[in-house]
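I opened this notebook to record what I looked up, entry by entry, with the structure on the screen beside me.

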Amino acid sequence: MTKTSYSSGDAIADRRAGYARMLAEDGELAAAAEVMQQALELAPNWAAGWDVLGDYFDRLGRTAEAISAWRHLEALDDSGQFGARLKLAVHGAGPAGEGTAISYVEALFDQYAPKFEKSLVGKLGYRVPEMLDALVVEEMARLGIARFERGLDLGCGTGLMGQKLRDKVGYLEGIDISAAMIAETARKKIYDNLDKAELVAALSARQAESDLVTAADVFIYCGALEPVLAALVPALLPGGLVAFSLEAHDGDEAVFLRPSVRYAHGVDATQTAVIASGLQLLRFETVVLRMDRGAPINGMLVVARKPEVVALAANDGAGTDGDVAA
């Protein structure tokens, strides 16, 4: 995340940073990095400047210099909004930590909100809400569900998923970590209620009240899936559905941090985590989620169901609900 709009407090440093930005836009990254270093000599405590410099070095493939810039950034960015820890972790220079980097994700989407739909849908071919909605519709027909009483859209953003759900849900709520995203979607009047909150904390404070929970490209910022599901399942009514997407990878790790500073999840590990959480896996599909810098981003679409009754021990003669993966 490059926040070049943040002033250094030094007019000359700001002018040099502006010149560096123009050089970078023209593809002159080495020259941009040199000019940005000059700006930082004038404003050595400028966190946003170190973030930009690290990005220039990273794009040049000068990893050691990028790490050095992000070390400076880490020391200056107490709130973590620039994601220095994550950027260092991507390059093997530190641990990623556990859970969502709340300040970073909040700042990222506050900045991104005004251009979110134009960039994601118009330029990157984003179709996750449509694809998830299609799977939900198919499972509604298979299970004989005419309508959901109460739906919860996690990471609702500007309401792309909510628009698909609106005619299927009696009372629809949206949760997002970004106030700017909440403001964008509030104008559309899609949701009956909107809440600015981190999703695990919000889910942990709820009782079982939703019969549909969705999360379109949200868990890719949360790291390990197990803590998210541990908070989500108790908030879901028996018989309720959850539908979500993840970025996928074919390696042995359950989850790893990509250079994009998004998490990718292992295919087998994801299926295991869903089942271990107590959910019944109804649909599991691997798809192309969108394009990123001209390359397809492979991912997973998951629809699962909370059992209508809790399964008892086998020696009690109890069965399970009977819905299995499609």
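**Entry 1: burial and the aromatic pair.** Before anything else I fixed the term I would lean on: a residue is buried if its relative accessible area is under 20%, exposed if that area is over 50%, and partly exposed in between. I also noted that I am working with a predicted model. With that cut-off, I looked up Phe-244 and found a relative accessible area of 0%, so Phe-244 is buried. Phe-219, at 1% relative accessibility, is buried by the cut-off of under 20% as well.

I then searched the whole structure for aromatic pairs and found one. It is formed by Phe-219 and Phe-244, whose ring centres are 5.2 Å apart and whose planes make an angle of 50°, which puts the pair in the tilted class. The two partners come from distant parts of the chain, 25 residues apart, with Phe-219 in the loop between strand 4 and helix 12 and Phe-244 in strand 5.

**Entry 2: the cores.** Which residues touch the most other members of the largest nonpolar core? I found that Leu-154, Phe-219 and Phe-244 do so, in a core of 31 residues. The elements that contribute two or more residues to this core are strand 1 (148-154), helix 11 (199-204), strand 4 (210-215), helix 12, strand 5, helix 13 and strand 9. I listed the contacts of Phe-219, leaving aside neighbours within four places in sequence, and they are Leu-154, Leu-199, Leu-225, Val-228, Leu-232, Phe-244, Leu-246 and His-265. Apart from this core I found another, of 30 residues, which includes Leu-23, Ala-32, Tyr-56 and Trp-70.

**Entry 3: helix 13.** Since helix 13 contributes to the largest core, I went through its residues 267-276 and found Val-267, Thr-270, Ala-273 and Val-274 buried. Viewed down the helix axis, the buried residues of helix 13 fall within an arc of 125°, and therefore they line one face. As a reminder to myself, an α-helix has 3.6 residues a turn, so residues three or four places apart point the same way. On the face turned away from the buried side I noted the exposed residues Asp-268, Thr-272, Ile-275 and Ala-276. The cover over the buried residues of helix 13 includes helix 12 (225-232), strand 5 (236-249), strand 7 (263-266), strand 8 (280-292) and strand 9 (295-305). After helix 13 comes Gly-278, which has a positive phi, near 100°.

**Entry 4: two buried charged side chains.** What does the side chain of Glu-173 make a polar contact with? Glu-173 is found in strand 2 (residues 169-176), and with a relative accessible area of 5% it is buried. Its side chain makes a polar contact, at 3.4 Å, with the side chain of Arg-150. Beyond four places in sequence, the residues in contact with Glu-173 are Arg-150, Gly-151, Leu-152, Asp-153, Tyr-191, Asn-193 and Arg-206.

I put the matching look-up for Lys-168 beside it: Lys-168 lies in the loop between helix 9 (160-165) and strand 2, and is buried, with a relative accessible area of 11%. The side chain of Lys-168 makes a polar contact with that of Asp-133 at 2.7 Å. Again leaving aside neighbours within four places, Lys-168 is in contact with Asp-133, Val-137, Met-140, Arg-147 and Phe-148.

**Entry 5: salt bridges.** My count came to 18 salt bridges, and I wrote down a few of them. Arg-62 and Glu-65 meet through their side chains at 2.7 Å, N to O; Arg-62 is partly exposed at 32%, and Glu-65 is partly exposed at 31%. Arg-187 and Glu-184 form another, with the closest N and O atoms 2.9 Å apart; here Arg-187 is exposed at 57%, whereas Glu-184 is partly exposed at 23%.

Is the salt bridge between Glu-247 and Arg-262 made by buried or exposed residues? The side chains meet at 2.6 Å, N to O, and because Glu-247 lies in strand 5 and Arg-262 in the loop between strand 6 (255-257) and strand 7, the pair ties together parts that are 15 residues apart in sequence. Both Glu-247 and Arg-262 are buried. Last, I noted that salt bridges with shared partners join Glu-138, Glu-139, Arg-142, Arg-283 and Glu-285 into one network.

Terms used
Residues numbered from 1 in each chain as written. Predicted model: local features only at pLDDT ≥ 70, side-chain atom pairs only at ≥ 80, totals over all residues. Heavy atoms only, no water. Buried < 20%, exposed > 50% of the residue type's maximum accessible area, 1.4 Å probe, protein only. Helix = DSSP H or I, 4+ residues; strand = E, 2+ residues; numbered from the N terminus. Arc of directions from axis to C-beta. Contact = heavy atoms within 4.5 Å. Polar contact = N/O pair within 3.5 Å; in protein donor to acceptor, adjacent residues only side chain to side chain. Core = buried A, V, L, I, M, F, W, Y, C linked by side-chain atoms within 4.5 Å. Phe/Tyr/Trp six-rings, centres within 6.5 Å; stacked < 30°, edge-to-face > 60°. Salt bridge = Lys/Arg side-chain N within 4 Å of Asp/Glu carboxyl O.
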